[in-house]
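Here are my notes on this one, point by point. Have the model open while you read.

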Amino acid sequence: MAGSAHGLFFLLFVSALFRAATERDWPRRRSLMALLASLVPGGTFALDRTLKREIEGDAGTAPHG
C-alpha cells in the first residue's frame, strides 16, 4: 500500500512539474534538472529553495499599482 501511495505522489509531482514548466516557459534543461531533483533524496528541498528565491525576485520586480 505504501508503495502505491509513493508512486501516486510521484506521478502527481511529475504532473505538477509539467504544468509549472509549461506555464513558466522553463527551458527543457531546467525541467529535466527538476525531475532529477525528485530522484535524489532531499533534492526537492533544494529545488524548492531555488524556486522560492525566483518567485520572490519576480515579486520584487512586478509593477505596483
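1. First, the terms for burial: a residue is buried under 20% relative accessible area, exposed over 50%, and partly exposed in between (1.4 Å probe, protein chains only). Phe-10 has a relative accessible area of 30%, so it goes down as partly exposed. You'll find Phe-10 in helix H1; helices here are DSSP runs of H or I, at least four residues, numbered from the N terminus.

2. A word on the ground rules. This is a predicted model, with local features needing pLDDT of at least 70 and side-chain atom pairs pLDDT 80 or more, while totals for chains, interfaces and linings use all residues. Numbering runs from 1 along each chain as its sequence is written, and side-chain values use heavy atoms, without hydrogens and water.

3. Now Ser-31, which sits in helix H2 (residues 28–39). Its relative accessibility is 18%, so Ser-31 counts as buried. Leaving aside residues up to four places away in sequence, Ser-31 touches Leu-17, Ala-21 and Trp-26 (contact means heavy atoms within 4.5 Å).

4. Trp-26 has a charge for company: Arg-30 lies over its face, 4.7 Å from the ring centre. The rule asks for NZ of Lys or CZ of Arg within 6 Å of the ring centre and within 35 degrees of the ring normal.

5. How many aromatic pairs are there? The count is 0, taking rings of Phe, Tyr and Trp (its six-membered ring) as paired if their centres lie within 6.5 Å; planes under 30 degrees apart would be stacked, over 60 edge-to-face, and the rest tilted.

How values were computed: Helix = DSSP H or I, 4+ residues; strand = E, 2+ residues; numbered from the N terminus.
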